[in-house]
Structures are given as C-alpha cells and as structure tokens.
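Here's a walk through the pockets, strand pairings and nonpolar core of one model. Have a look at the sequence and the fold, then read on.

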Amino acid sequence: MVPLRSVAELLGAKVDYNGKLQEAKIRWRSNEIVFQKGVKTYKLNDTPAQMDTQPEVIQDAFVIPLGVLLRSMNIPFEYMNNKVILKDPAFDQSKIFQKVIELDQGRFIVDNPSALDIQNFKLVEEKNSASETRGSITVSGLNRTGSTIREGKEDLHIIGFFNQTVEMDADFASVDIPDRKRPKVNPEGRVSQSLSYLKINDPLQYILAAGRTLQTKNERK
C-alpha cells in the first residue's frame, strides 16, 4: 500500500483528487485509472476491474496497492530483495527526476550507475518553535558488483527533495568544500552515508539515493 499522489507524481503521471467523492484519477500516457476509497473495483479507461483490497485515506494520504497501480498503468516491474524494481526510462522525464538530474553534477563522472544495492534508510527530524527543521538522512548500500570497489570511487549519493529546494552531497571538491572520504568496499560489503539539513517551512517530500561509483581523478585524466 503506497500514497497514490507521491508515487504517481514521482513517476510523471498526473493525479486529480475529488475530496467530495473521495476519488482519485490518474493519467499516464494514454491510460486513465480511477480509484475510490473503500471500493474494491477501479476503472481502467472506463472499464471496471477488480482488486483484492481497497483504497484508504491514511494521514490525509490516499493509499492504494502499488501492484494494482503499476499493472493498470502498464508499467513493467519485478519484486526482488524486498524491493519493487522499475526500469522504464520514461521515469527520467518526470519533473522531479529532471530537476534532480539537472542539479546532479556527479552524473558526468559516473563509472558504474548501479554498483551499490540500496538496503535501507533512516530519517531523523527535530522541529523547534521557530519553524526550523533539523534533519538527517542515513542510507546504506551493499556492494553487489562481485569485486572490490577501490578507495575513492564509492558514491552512495543521497538526495533530499523538499517542497522548495533540493539537497545533495557535492561530488566535486571546491575551494570551501573538500571531497568527502570514499572508502574501499569489499564484495558483499556494506557502506553508509548521511545527509544533514536545516530547513524553515520547507518539508521533505522524497528521499532519493543513487548507489554508484565515480571515476577517480586519475581515471578522468
């Protein structure tokens, strides 16, 4: 069960919600899917279809089964290692991913875009009376390449996508920001990284992470 708007908009679909009818309408390419709270049928291009559960509203979010959404949107996926894996390149065209890709300077020196398998994350946030939110996102990754990731190449890259801003680690050293230490990671070894932030009236929307390796300075010569 996943929050409909967050997932659909992340994929680049358009979502309309009718609060009076408690009905959500999703448009993806040529498909239109309609879900209604508490109803085990949904409409795919005006044709009724059945599911084994029903949408609910939880903490002001319209929540539906992810598998039903992906199948009805005709999005290929597989379930592996407790993850739902999507490989449709069209997702890169969503507004959210386009903004992240534009800001990600590390993409120019990527060596292996999927060297690390993202394992889990931890989010810690504290709010004060001045409407400030101090937070930390910690993500861990597993080396599934079958070989050692040499020191200086690891890039477990965390992106915090907020309502108004985007936060991520710098992949290039500068005058005031040195390059962070990038440890050696043995085969099947784990590594973790953290991203800290301080925001004022700018809530976190998505946690994104890329488990990749970068070319070293010598490799880029």
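Let's start with the second largest pocket, whose lining residues divide into nine nonpolar, three polar and two charged. The classes are simple: Ala, Val, Leu, Ile, Met, Phe, Trp, Tyr, Cys and Pro count as nonpolar, Asp, Glu, Lys and Arg as charged, and the others, Gly among them, as polar. This is a predicted model, so local features need pLDDT of at least 70 and side-chain atom pairs count only at pLDDT 80 or more, while totals for chains, interfaces and linings use all residues. Residues are numbered from 1 along each chain as its sequence is written, and side-chain values use heavy atoms, with hydrogens and water left out.

**Pockets**

A quick word on what counts. On a 1 Å grid over the protein atoms alone, a pocket is an open set of points with protein on both sides within 12 Å along at least five of seven lines, a 1.4 Å probe fits at the points of a cavity but cannot get out, and lining residues have an atom within 4 Å of a point. Grid points are joined across faces, edges and corners, and a volume is the space filled by probe spheres set on the points. Helices (H or I, at least four residues) and strands (E, at least two) are DSSP runs, numbered from the N terminus.

The second largest pocket comes out at about 330 Å³. It has 14 lining residues, and P3, Q59, D60, A61 and F62 lie nearest its centre. At least two lining residues each come from α1, β2 (14-18), β7 (56-58) and β8 (61-64), with α1 giving the most, three residues.

The largest pocket has a volume of about 2200 Å³. Of its 48 lining residues, V84, F97, I118, L208 and A209 are the closest to the centre. Elements that give two or more residues to this lining include α1 (4-11), α3 (95-103), β12 (116-127) and β17 (204-214). Which element gives the most to the lining of the largest pocket? That would be β17, with nine residues. By class, this lining has 31 nonpolar, eight polar and nine charged residues.

**Two open sheets**

Two strands pair if DSSP finds at least two bridges between them. One open sheet has four strands in the order β11-β17-β14-β15, with antiparallel pairing. β11 (110-112) and β15 (166-168) sit at the edges with a single partner strand each, so one side of each is left without a neighbour in the sheet. From one strand to the next, the twist averages 35°; axes here are lines fitted to C-alpha atoms, for helices over the stretch in contact, and angles run from 0 to 180 degrees between N-to-C directions. β17, then, is a strand of this sheet and also the top contributor to the lining of the largest pocket. Strand β14 (residues 154-162) is joined to β15 by three bridges, and G160 stands opposite E167 in β15.

The other open sheet has three strands in the order β1-β8-β7, again with antiparallel pairing. Here β1 and β7 are the edge strands with a single partner each, so one side of each has no neighbour in the sheet. Two bridges join β1 to β8, and V2 stands opposite I64 in β8.

**A run of hairpins**

Strands β3 to β6 pair one after the next in the antiparallel sense, as the table shows.

| Strand pair | Bridges | Residues between strands | Positive phi in the hairpin |
|---|---|---|---|
| β3 (23-28) and β4 (31-36) | six | two | R29, near 55° |
| β4 and β5 (41-44) | two | four | G38, near 75° |
| β5 and β6 (47-50) | four | two | N45, about 55° |

For the register, K25 stands opposite V34 in β4, and V34 has K43 in β5 as its bridge partner. I33 stands opposite L44 in β5, and L44 in turn stands opposite T47 in β6.

**The nonpolar core**

A nonpolar core is a set of buried Ala, Val, Leu, Ile, Met, Phe, Trp, Tyr and Cys residues joined through side-chain atoms within 4.5 Å. Buried means under 20% relative accessible area, exposed over 50%, partly exposed in between (1.4 Å probe, protein chains only).

The largest such core has 22 residues, of which L4, I26, F35, L69, M73 and I75 touch the most other members. α1, β3, β4, β8 and α2 give two or more residues each, and the largest share, four residues, comes from α1. So α1 turns up twice: it leads in this core and in the lining of the second largest pocket.
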